[in-house]
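User: I am new to reading protein models and would like a close look at one part of this one. Could you take me through the salt bridge and what lies around it?

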Amino acid sequence: MLPVNFVLYEQAVVFRTGQDSPMGEDLRTGIADADYVVAFEVDEISQATREGWSILIQGSAQHVDSDHERAHVMQSGVEAWPGGEKDLFIRIPPTRITGRRIRRPRS
């Protein structure tokens, strides 16, 4: 698991990583038009209220390789906080979404 900054853009999760980064390499199958199926989790927890939620998105990790697609997803505004070149965009259109909300019992 690796933390990334992401946005929801046109019904897909979009994030950036380095072209030759371990994550970029790990998500390449080496087979044309083949993608890895991945899980992407987003959590929010409030320590003060002891409440939160967790969402799990499953889908294929698609490399955005063409110039046309890249120009399109750049409109999402997603930024990578760590320094260095983060010129590889990954898009995950969800095929399955699950989640849960955690609430304190009312007294």
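Analyst: Here is a walk from the whole chain to the salt bridge, and then on to some other residues.

Please keep in mind that this is a predicted model. The protein has two helices and six strands. Read from the N terminus, these elements follow the order β-β-α-β-β-α-β-β. The C-alpha trace spans about 55 × 30 × 25 Å along its principal axes. Of the 107 residues in the protein, 29% are buried. If you take the contacts with a separation of 6 or more, 66% of them are between residues 24 or more positions apart.

Now to the part you asked about. Side chains of opposite charge can pair when their charged atoms come close. The structure holds one salt bridge. Its partners are R91 and E69, whose closest N and O atoms are 3.0 Å apart. Strand β5 (residues 88-92) contains R91, while helix α2 (residues 67-74) contains E69, so the pair ties together parts that are 22 residues apart in sequence.

How exposed are the two partners? R91 counts as buried because its relative accessibility is 19%, and buried means under 20%. E69, at 28% relative accessibility, counts as partly exposed.

It helps to set another arginine beside this pair. R103 is found in the segment after β6 (94-102). With a relative accessibility of 54%, R103 counts as exposed. From C-alpha to C-alpha, R103 and E69 are 40 Å apart in space, and they are 34 residues apart in sequence.

Let us go back to R91 and follow one of its contacts. S60, a residue of strand β4, touches R91. Leaving aside neighbours within four places in sequence, the other residues in contact with S60 are D35, Y36, V37, I92 and P93. S60 is buried, with a relative accessible area of 19%. The side chains of S60 and Q62 are joined by a polar contact of 3.3 Å.

Strand β4 (residues 51-64) also holds another serine, S54. A polar contact of 3.2 Å links the side chain of S54 to that of E41. Beyond its neighbours within four places in sequence, S54 is in contact with E41, V42, D43, T98, G99 and R100.

I92 leads to one more residue. F40, in strand β3 (residues 36-46), touches I92, and its other contacts more than four places away in sequence are V4, F6, V13, F15, I55, L56 and I57. F40 is buried, with a relative accessible area of 9%. The C-alpha atoms of F40 and G99 are 11 Å apart, although these residues are 59 residues apart along the chain.

V4, one of the residues that F40 touches, also helps to line a pocket. This is the second largest pocket, with about 190 Å³ of space. Among its 14 lining residues, P3, V4, N5, R16 and P82 are the closest to the centre. By class, the lining has eight nonpolar, three polar and three charged residues.

To retrace the path: R91 pairs with E69 in the salt bridge, S60 is in contact with both R91 and I92, and F40 touches I92 and V4.

Conventions:
Residues are numbered from 1 along each chain as its sequence is written. This is a predicted model: local features need pLDDT of at least 70, side-chain atom pairs count only at pLDDT 80 or more; totals for chains, interfaces and linings use all residues. Side-chain values use heavy atoms; hydrogens and water are left out. A salt bridge is a side-chain nitrogen of Lys or Arg within 4 Å of a carboxyl oxygen of Asp or Glu. Buried means under 20% relative accessible area, exposed over 50%, partly exposed in between (1.4 Å probe, protein chains only). A polar contact is a pair of N or O atoms within 3.5 Å; within protein, one must be able to donate a hydrogen and the other to accept it, and residues adjacent in sequence count only if both atoms are side-chain atoms. Contact means heavy atoms within 4.5 Å. On a 1 Å grid over the protein atoms alone, a cavity is a set of points where a 1.4 Å probe fits but cannot get out, and a pocket is an open set with protein on both sides within 12 Å along at least five of seven lines; lining residues have an atom within 4 Å of a point. Grid points are joined across faces, edges and corners, and a volume is the space filled by probe spheres set on the points. Ala, Val, Leu, Ile, Met, Phe, Trp, Tyr, Cys and Pro count as nonpolar, Asp, Glu, Lys and Arg as charged, and the others, Gly among them, as polar.
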